[in-house]
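Please read these points alongside the coordinates. They are set out chain by chain, with the contacts between chains in between.

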Amino acid sequence: MIRRLLPPLAPALVALLIFVALPMFWVLRTSFNELADGAYVVEAMTLDNYARFLGDPWYLVNTLWFSIRIALVATAISVICGYPVALYIVKTTGLQRNILMALVMAPLLIGLVTLVYGWIVIFRGGGLLNSLMIALHVYDRPVRYMWDIKGVVILLVYIGAPYVVLSLLDSLERISPYLVEAARNVGASRWTAFWKVVFPMTMPGLYAGLVIVFSLNFSAFAVPLMIGDSNTQMIGLIIYREALLNNDLPFASALSVIMVAVNALILVGMAAFFGRIILNRLEAKR
Amino acid sequence: MTRRAGDGRKNQDEMQPMSDDAIQVRRVMKSYGTMLAVDDVSFNVAEGEFVSLLGPSGCGKTTTLRMIAGFTDTSGGAIRVHGREVTHLPPEKRDLGFVFQNYALWPHMTVAENVAFGLKLRRKPRDVIRNKIEEALSVTGLSGYEDRLPRQLSGGQQQRVALARALALEPQVLLMDEPLSNLDRALRVVMRRELKELQARMKMTTLYVTHDQEEALSMSNRVVIMNGGRVEQIAAPYELYENPATRFVADFVGITNFLEGTASDMGGGMVGVRLPSGQVLHAQARVPVAQGGAVRALIRPERVTISPAELSGPNVLAGRVELSEYFGAVLRYTVRLDSGEILRAEVHNFDEFIAGGSRVWICTLPEHLRVIPHDPRG
Amino acid sequence: MTRPDLGTIALRFFTLLMMAFLIFPIAVTLVVAVNPREFILPPNGFTLDWFKAAWSSKTFLRGMGVSLVLGLVAATLANALALPAAMALVRNDFRGKGAVNLVLMSPLLIPTTIFSLALYIWFVRVGYGSGLVPLLVGHTIHVMPYALRILTASLHNLDPSYEEAARNVGAGRTRTLFSITLPVIRTGLISSFALCFILSWNDFPISVFLAPPGWTPLPVELFSYIKFQYDAVAAALAGSLILLSALAMVIIDRLAGLRRVLRS
């Protein structure tokens, strides 16, 4: 068995070992190193890099806590925007469905920079959005979207919502329409049928979507880099800046470790929350 | 993995007797973990013979065929083709034709390319290849379809291409795995006849796997009946029906009534079956049975006389009609015997209709009654 | 069909709004790219001047060249790594198969920021200065799981009897691979290649970490451009990228079904 499996699997596995596992390990190791003379990495075993971040209220509030909050908010909005779309798409067929699916998937295949460019045209001071809003008398002075938290959230939702739709569709398509009909048949209203039958069955898809979108949002750096400002210092952006602009690889590494750890903690929290919801439903049924 | 000629010689003793049979399967086994899919199967196929492997799904017939073709490794035993040990050869070295259940026509190749692929591998000259394609397609009635893609053909035509592809290589032996099972019934009957005619004309040694007893009985010289990974009986179709060796065969091939009893020798080639009621049925002895041993008497439904008037004689059973069904050409009765057993009877040339609830007498001739040893397997 | 109720109408309305939201920046970019009046909407005509300018810019052409080479190499390498692995996974059942699959898909689970940083630090560590190799490696590893996913799906749909039939008429393993297996799953191969290429072509996060000086891929080039300049030439370039992505989407969807591919 091994003799038959090893040759085809080895190249990919070795590539992943050398270019993923070892580098990831090396990030962990580097996070304990020191930066000497502002440029050279010196082998050490210190927690200074962690202390520098965790001991600094500015970093904790404006970077870590800010990233968590903005990621949660953007994820929640993505779910609110994505759920109805998935519900609608699952009922469509043929050309209509193909068009809707193409539109949903377009943001995932068109590059980020390209999309950001479109949003910049929309967002900027005298841009489309402001002209539109002023013309519609929503407000009468241009509002700042570019280099602002509003723009960052809108873009995170723009990229996150399609993932939510796709994950939910996976779940929704598995629900037999007979289930809903059966519920209606025994007297459930449309709303009750949705709430008691469809919604619980989309929990796995919803959870999968939340995990992906939250992780993407939490680690985002390109979006705050391109349309954020000094008030949107997300942790991914700090990593980028420390690594590439300040060349402080130990600090960037420590930040990466913190980011992965916090991300994992939040996902575990979500899993526990979702697990409880599903368990509660089972209890209630009994 | 690559045992070759050296071991082949050692196996020769096991392969006794040496014969010029086209296929020899000797004590072949296939196990998946602790499950035995094929359990000690042996049979031969003579040159030019048409042999079917018949059995219900999961009986190991397809696995056996795939082991002969080399698609599945054997767990034990040996396979010879024209005296050459092939047990451990890769499939491409075995020179056997194979027709798949789903035809397995390569979807990216035209009909002609499908047929030509094997010929090209053999580095035949171009004009030879062209002739062989033409010949194989004309034999299978597909001339003019050379440039079609498989998906542009009907199921029956695809089936013919699969056959042409196998025949073009003039294999020593043709293996077919339920080749007609994906066709609708009417076409299946037509193809069955064509296939048989073609096989007889080309004197092509054929091993044919099917779960359809009609197919196996009508096409084969001999049938290997398999059940649960084992061979139940190997015999000509007529023999299978007339002289089933086991209850499984009797049940699988046609419908049979079973009456249990103990054997007693009657002399003169006759055997008696003492039923629990004490009545003794007389039968011709075809299979050796032990005196006093548990046996089953087999009665084919169409080999009985049924009468509303009392009959006399040794093989008369009395009972009451529970159900009588009229099918036009045939009347089927379900009779509850006085001893409590159910017996089915069919009457083809009837001039009276016996209503349900009537008392009847059923008679069967000793030469129509078969006796098999009681098989604890059921 | 029953008459659509209020809920369905609301759902449809909301979906339309969301679709408008999704198409908005794409449409705006395309409109600005062909609008003769720079950035002044609504457009008053049609011009390809911005496209001409974008396509004659030395910087952009060089970026395109880099992205092209990068995309082709990364897609080729990723598929070369993924194909044998996919075959081994589809053809065999063994203990730990799930784990192996998870390991092979792991690049999808790691945030791109961290993966890029890790590779950056790793190549510094092993003493390889800045060069093309880290960039190629980063792109290849990043897109490999997608190739694995498409190829696994195609091989699942491949009837094993095609290969058995080839072996039966005398083709060895290698011959069967090249004459039967690969041609039969060619749609999967093409869409896998197209997806890997387009993901690499459009990538920004990995390139910004790993691109060596003088080898700036197009998205990074576009990023630096719009940071300092703001004109419709950038729109034309962005528009070109959108059209190319759309083409790739059509190819992948026709051949493999986009849905299956993008599930994360």
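1. Residues 206-227 of chain A are 86% helix and 0% strand, with the end C-alpha atoms 28 Å apart. The model is predicted, and the values here should be read with that in mind. The stretch 206-227 is one of those that UniProt, in an unreviewed entry, annotates as "transmembrane region" in chain A; the others are 9-28, 64-90, 102-123, 149-169 and 251-279. For residues 9-28 of chain A the figures are 100% helix and 0% strand, and the end C-alpha atoms lie 27 Å apart.

2. Within chain A, one helix pair deserves a comment. Helix α3 (residues 57-89) of chain A and helix α7 (residues 149-172) of chain A have axes that come within 7 Å and cross at roughly 45 degrees. An angle of that size is neither under 35 degrees nor in the range 65 to 115, so α3(A) and α7(A) are oblique to each other. The crossing of α3(A) past α7(A) is right-handed. The residues that make the contact of α3(A) with α7(A) are 20 nonpolar and four polar, with no charged residues.

3. Which chains touch? There are two pairs of chains in contact, and chains A and C share the most contacts. Chain A and chain B are joined by no contact, and their closest C-alpha atoms lie 11 Å apart.

4. The contact of chain C with chain A takes 66 residues from chain C and 67 residues from chain A. On the side of chain C that touches chain A, helix α1 (residues 6-34) of chain C gives the most, with 15 residues. That side of chain C consists of 52 nonpolar, nine polar and five charged residues.

5. Chain C itself has 13 helices and zero strands. Its C-alpha atoms fill a box of roughly 70 × 65 × 35 Å, taken along the principal axes. The "transmembrane region" feature, from an unreviewed UniProt entry, is placed at residues 12-34, 65-90, 102-122, 128-148, 177-201 and 232-252 of chain C. Two of these spans can be set side by side. Residues 232-252 of chain C are 100% helix and 0% strand, and their end C-alpha atoms are 30 Å apart. For residues 102-122 of chain C the span is 71% helix and 0% strand, and the end C-alpha atoms lie 23 Å apart.

6. The domain assignment splits chain C into domain 1 (1-47) and domain 2 (48-262). The C-alpha centres of these domains of chain C are 30 Å apart. How many residues of domain 1 of chain C are in contact with domain 2 of chain C? Nine residues of domain 1 are in contact with 11 residues of domain 2. The side of domain 1 of chain C that touches domain 2 of chain C has six nonpolar, two polar and one charged residues.

7. Chain B meets chain C through 18 residues of chain B and 14 residues of chain C. On the side of chain B that touches chain C, the elements giving two or more residues are β6 (96-99) and α3 (111-121) of chain B. Of the elements, α3(B) gives the most to that side, with three residues. By class, the side of chain B that touches chain C holds 13 nonpolar, three polar and two charged residues.

8. The helix α3(B) also packs against helix α4 (residues 126-139) of chain B, at an angle of about 130 degrees and with the axes 10 Å apart. That angle is not over 145 and lies outside 65 to 115, and α3(B) and α4(B) are therefore oblique to each other. α3(B) passes α4(B) in a right-handed crossing. From α3(B) the contact takes A112(B), V115(B), A116(B), L119(B) and K120(B), which meet I129(B), K132(B), I133(B), A136(B) and L137(B) of α4(B). These residues divide into eight nonpolar, no polar and two charged.

9. Chain B is also assigned two domains: domain 1 (5-95 + 172-247) and domain 2 (255-373). Their centres, taken over C-alpha atoms, are separated by 35 Å. Five residues of domain 1 of chain B are in contact with seven residues of domain 2 of chain B. On the domain 1 side, two residues are nonpolar, two are polar and one is charged.

Terms used. Residues numbered from 1 in each chain as written. Chains lettered and ligands numbered in written order. Predicted model: local features only at pLDDT ≥ 70, side-chain atom pairs only at ≥ 80, totals over all residues. Helix = DSSP H or I, 4+ residues; strand = E, 2+ residues; numbered from the N terminus. Nonpolar A, V, L, I, M, F, W, Y, C, P; charged D, E, K, R; others polar. Domains from an automatic or database assignment. UniProt positions renumbered as here; feature names shortened; annotations may be inferred. Axes fitted to C-alpha atoms, helices over the stretch in contact; angles between N-to-C directions. Left-handed = near helix turned anticlockwise from the far one by under 90°.
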